[in-house]
Amino acid sequence: MSGEKRRSLNENLSRNLRLLYTLRRETEKINLAEFANQLGIGHTTLQNILRQKCNLTLDTVDLIAQRLDFPALQLLADQYPETDLTRGAGIIRGLTYQSF
């Protein structure tokens, strides 16, 4: 490793859920409470996750992953720089809009 500080799992989860919420907000026009409901968690819990103010159990992370139909390990992963995630979000938005 080149001296880079690795993000914590909470930071990764927060970052990845924030990106997924942004995509859903833009494509499905949902608000934070609706996204929390889709995830099977409370609105306040989701706010705390996004602010990195809570430590979730593995069962809760697994529930969120199942509700998103997304691998739990990817929700916790710190694989890509922010620019790559943003670029990926643009690609996903393009695919979503094309399907309408």
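# Close-up views of the chain

**View A. Gln52, at the end of helix 3, has a positive phi****.** Just after helix 3, the phi of Gln52 is positive, at about 60°. The model shown in this and the other views is predicted. Most residues other than glycine have a negative phi. The helix that precedes Gln52 spans residues 43-50 and is the topic of the next view.

**View B. Helix 3 contributes buried residues to the packing of the helices****.** Leu46, Ile49 and Leu50 are the buried residues of this helix. When helix 3 is seen down its axis, these residues fall within an arc of 95°, so they line one face of the helix. Which elements do the buried residues of helix 3 pack against? They pack against helix 1, helix 2 (32-39) and helix 4 (58-68).

**View C. Asp78 and Arg7 form a salt bridge****.** The side chains of the two residues meet with an N to O distance of 2.6 Å. This pair links distant parts of the chain, 71 residues apart: Asp78 belongs to the loop between helix 5 (72-76) and helix 6 (82-98), and Arg7 to the segment before helix 1 (9-28). Side chains of opposite charge can pair when their charged atoms come close. Asp78 is partly exposed, at a relative accessible area of 32%. Arg7 is also partly exposed, at 35%.

**View D. Asp78 also forms a salt bridge with Arg15****.** Here the N to O distance is 3.4 Å. The contact again links distant parts of the chain, with Asp78 in the loop between helix 5 and helix 6 and Arg15 in helix 1, 63 residues apart. Is Arg15 buried or exposed? With a relative accessibility of 7%, Arg15 counts as buried, because the cut-off for buried is under 20%.

**View E. Glu28 and Arg24 form a salt bridge within helix 1****.** Their side chains meet at 3.4 Å, N to O. The two residues are 4 positions apart in helix 1, about one turn of the helix. Glu28 is partly exposed, with a relative accessible area of 41%, and Arg24 is partly exposed at 22%. A separate network, made by salt bridges that share partners, joins Arg7, Arg15 and Asp78. In total, the structure holds 3 salt bridges.

**View F. Arg67 of helix 4 touches residues from Asn37 to Gly40****.** Leaving aside residues up to four places away in sequence, Arg67 touches Asn37, Gln38, Leu39 and Gly40. The side chain of Arg67 reaches the backbone oxygen of Gln38 at 3.4 Å. The C-alpha atoms of Arg67 and Asn37 are separated by 9.8 Å, and the two residues are 30 residues apart along the chain. Arg67 counts as partly exposed, at 45% relative accessibility.

**View G. Lys29 and Asp69 are loop residues with a positive phi****.** Lys29 lies in the loop between helix 1 and helix 2; its phi is near 55°. Lys29 counts as exposed, at 65% relative accessibility. Asp69 lies in the loop between helix 4 and helix 5, where its phi is near 55°. Asp69 is exposed, with a relative accessible area of 70%.

**View H. The whole chain gives the context for the close-ups.** The protein chain has 6 helices and 0 strands. Buried residues account for 29% of its 100 residues. Among contacts with a separation of 6 or more, 58% are between residues 24 or more positions apart. The chain exposes about 6,700 Å², with carbon and sulfur atoms supplying 52% of that area. The mean pLDDT is 80, and 74% of the residues reach 70 or more. Over residues 95-100 the pLDDT is below 50, and this stretch has 3 contacts in the model beyond near neighbours in sequence.

Note on methods: Residues are numbered from 1 along each chain as its sequence is written. Side-chain values use heavy atoms; hydrogens and water are left out. A salt bridge is a side-chain nitrogen of Lys or Arg within 4 Å of a carboxyl oxygen of Asp or Glu. Buried means under 20% relative accessible area, exposed over 50%, partly exposed in between (1.4 Å probe, protein chains only). Contact means heavy atoms within 4.5 Å. Accessible areas come from the Shrake-Rupley method with a 1.4 Å probe; for residues, only the protein chains shown count as cover. pLDDT is the predictor's confidence in each residue, from 0 to 100. The arc is that of the directions from the helix axis to the C-beta atoms. A polar contact is a pair of N or O atoms within 3.5 Å; within protein, one must be able to donate a hydrogen and the other to accept it, and residues adjacent in sequence count only if both atoms are side-chain atoms.
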